[in-house]
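Trainee: I'd like to practise reading a model feature by feature. Could you take me through one?

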Amino acid sequence: MHSSWTRRASVPVAATLALGLAPGSALAGGTLRIAMTASDVPTTTGAPDNGYEGVRFLGYPVFEGLVLWDLKSADKLADIRPGLAERWEQDAADKTKWVFYLRKGVKFHDGSEFNADAAIWNLDRYYKKDAKQFDPPGGAVAQARNPFVAAYRKIDDYTIEITNPRPLSYFPNMLPYMLYSSPAQFEKTGSWAEFAKAPSGTGPFKITEFKPRVSVTLSRNEDYWDKAKVPKLDKMVLFPMPEPTTRLAALRSGQVDWIEVPPPDAVPSLKNAGFEIVTGSYPHVWPWMLNLAKEDSPWKDVRVRRAINYCLNRDGLVTLLNGLAEPSVGAFKPGDAQFGKPKEHYGYDPTKGKALLKEAGFGPDKPVKAKVMISTSGSGQMLPLPMNEFLQQNLKECGFDISFEVVEWGTMLVALRNAPTAPQALGSDAMNISLPPSTDISQLALYFLSTNAAPKGRNWANWKNEEFDKVIDRIEKSSDPAEILKDTQRAHEIIVDEAPWAFIVHDRNPRAMTKKVKGFVSAQSWFQDFTSVDME
Amino acid sequence: MWAFTLRRLLYAVPVLLGVSMLVFALIHLAPGDVVDILVPPEVPKEIADSLRQRFHLDEQLYVQYVAWLGRLMVGDFGVSFFTGRPVAEELFGALGNTLVLALPAAVLGFLLGIALGALAAYNHGTWLDKLFSATAIIGVSLPHYWVGIVLVAIFAVVLNLLPAQGMGFEGLPTSWEHVQHLVLPVVTLSLIPMGVISRLVRANVLEILSQEFVGTLHAKGLFSRRVLYHTLKNAAPSALALMGLQFGYLLGGSILVETVFNWPGSGGLMNLAIFRRDVPVLSATIVVLAAIFVVINILVDVLQALLDPRMRR
């Protein structure tokens, strides 16, 4: 797209962008300008990088899955809804098989049709290594987020079947993470690198301009299949702006209308200056995952694990963050239907924490010594250094002698993918990493099932609990929503009571915006719906 | 003169080879690789390893290096592991963006530096000398990213006169609106060269003014302007060497200033490539920047030799 910078001088769109970015310039009829925290424009192929922020902005607005998140309500946890599949059903005779009935009349932005062939072509993109369209990075992400696609086939032009390796009731919840791109556009462009310059999905917005490292412009898709969700905005311009002070200055000077993750220190001044601080309440834990595999791990005793959860001054931490987080006492929030009724009600109770430590053989003369791996920054990590320093001081009063292994984000990811006893863990007794939001049981199963113990899966703590495994097994085999909810509650109760993690805070997904931004509903999810947003 | 230039060019070959080896080795010393950053935390090791094989990251380092060098020799910069885009496209686009900043920053910094340094020396011991010297010291001492943030706070946030961030145009600026985007980063970037050059010029001019030939020039009845010309001509070679180095630094792009102003230049690209462990982008960027640095220094050497025949020996 941009073969030489001198040639680019003549590109007429430059003037448009310059006008859009000029300080205090008038908004041209419904253009929303957003500063993301991403360091680059997320991949525009339908398999966005830059973590789930990439999915939020260059995923759902442009590309869609068979199943989508229902993001219209701020009052309840986001659930799934039909997307490119108008309905689905699990084969009653063989519960490993799911049949998806595809929506008719859906067109990609290039005008080609979405049908079973397009769906299978996309599944090949992610799962078939010798397919022409196989996308190695996109495939790696899809296979990790949805490791349960064993086989798939076309039944007819608008029906496909996907087979799981075992019965899996929560399989539809994992499908919003797999997005569908246009096969016709790929054929036209010839590669994913070229496709990224002229992308084509089925979503409510289409990408009309892409400037690597600078911006991407999404325009309203007038032909969107869901007429009720045709965007109100004319355009949405997204800028990668990883530096918080730069985002703040861009908002304050009128260069953008909306910034993701304002610095907590800036919240009072932003409010005073008339900006809106919008936060959401949803389960997205910022924990310490406790290393239970290490030979001399102090966490092997459940009383020590519970003690740390009682000793955490979560409210103090929330104050430090100016309210941009909320206390976490489990993987779900107490108000969520899935929370259940755990026996342990973690609150700031140092007396109880100290008593538990005493029972476990620790005390003022023999503190619990633990080294926690923390990162200097990273996706979803909020402000790891001051937050952890606060906790270090807080826990010292209770009888924990915490030291840190401060590493760069990449180093932490390497440690995460290896066993907690591997050299990559650098002898750490815990890891502070915010994993993707867990709004349903499918994510919790991935984090806590013993079969997923690292390095095989995401259970870095190497926590093993037979009852939890059995409950998840029951959930996977069940088809009864009431039974699934009851077992989800039980699974969550076990997680809270057994405390394989120190549950610290939930990220509140904060954003700051001008009062000109109207109609935004902060869904109880990491993802958000931009179709209802309008500019005054 | 040609032999001198050719010799300098030949010296550049081992320098660039050394730089490329060093970069390759250093980036592999850092924990993790591009796959660790490219795929999200939830991707297990097994899948990450299969991707690693696809990128040939499982091969011996020297094998990877030789393959990369072989491609570079035929002008193939490769493809970014991270974005899949051609490295040449990313690199030369970013270098162009940096050049747009570096050129005006160099001109501003050098002119101000020479003027302030010469004026300070000519007014040695007066309040003007103190003022200009203090300005130079401030330029060198203040962290320029901090100056950038302060300038943004004043001129973008409080006064709302200039944009806080971003390039706002592509290629070359063609309007006042485009130029507005340049003002703050250019001023920020020019501070260090201004301060460094000013200090050097002041010291050199002072030293030259104390030499006997300057007294002779005055005794022969030359006007002060003519004496100044001779003084500056004598001070030029060392100032030129420093300007060459400073311009090289500016072309490398200041990671900090580009981060503060969200400028899509070579410093930002390098920073991104380091964090992403994007070996093709990082290696190519550093080698090309090193080549530019070497060429600038050769040009400076040649210019110095032209100005001062003693240098050719």
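**Reading the interface and a helix**

Mentor: Let's start with contact, which means heavy atoms within 4.5 Å. Here 59 residues of chain A are in contact with 57 residues of chain B. Keep in mind that this is a predicted model, in which local features need pLDDT of at least 70 and side-chain atom pairs count only at pLDDT 80 or more, while totals for chains, interfaces and linings use all residues. Residues are numbered from 1 along each chain as its sequence is written, chains are lettered from A and ligands numbered from 1 in the order in which they are written, and side-chain values use heavy atoms, with hydrogens and water left out.

Trainee: What is the area buried between chain A and chain B?

Mentor: Buried area is the accessible area (1.4 Å probe) that two parts lose on being put together, summed over both. For chain A and chain B that comes to about 4900 Å², and carbon and sulfur atoms give 61% of it.

Trainee: How many salt bridges does the rule find across the interface?

Mentor: A salt bridge is a side-chain nitrogen of Lys or Arg within 4 Å of a carboxyl oxygen of Asp or Glu. By that rule there are 6 across the interface of chain A and chain B, and a search of the whole structure finds 41 over all chains. One case is K211(A) with E170(B), whose closest N and O atoms are 3.4 Å apart. K211(A) sits in strand β8 of chain A and E170(B) in the loop between α7 (144–158) and α8 (176–209) of chain B, so the pair joins two chains. Helices (H or I, at least four residues) and strands (E, at least two) are DSSP runs, numbered from the N terminus.

Trainee: Are K211(A) and E170(B) buried or exposed?

Mentor: Buried means under 20% relative accessible area, exposed over 50%, and partly exposed in between (1.4 Å probe, protein chains only). Both K211(A) and E170(B) are buried. Another salt bridge pairs E408(A) with R277(B), at 2.7 Å from N to O. This one also crosses between chains, from the loop between β16 (400–407) and α15 of chain A to the loop between α12 (266–276) and α13 (279–307) of chain B. R277(B) counts as buried because its relative accessibility is 5%.

Trainee: Now a helix. What span is expected for α18(A), and what does it reach?

Mentor: The expected span is 1.5 Å times one less than the number of residues. Helix α18 (residues 481–498) of chain A has 18 residues and reaches 25 Å from its first C-alpha to its last, close to the 26 Å expected.

Trainee: What covers the buried residues of α18(A)?

Mentor: The cover includes α11 (302–311), α16 (441–448), α17 (466–477) and β18 (501–507) of chain A. Among the buried residues of α18(A) are I484(A), D487(A), T488(A) and A491(A). An α-helix has 3.6 residues a turn, so residues three or four places apart point the same way. As for α16(A), 8 of its 8 residues are buried.

Trainee: Which salt bridge links R306(A) with α18(A)?

Mentor: R306(A) meets E498(A) at 3.9 Å, N to O. The pair links distant parts of the chain, 192 residues apart, with R306(A) in helix α11 and E498(A) in helix α18 of chain A. R306(A) is buried, with a relative accessible area of 18%, whereas E498(A), at 22%, counts as partly exposed.
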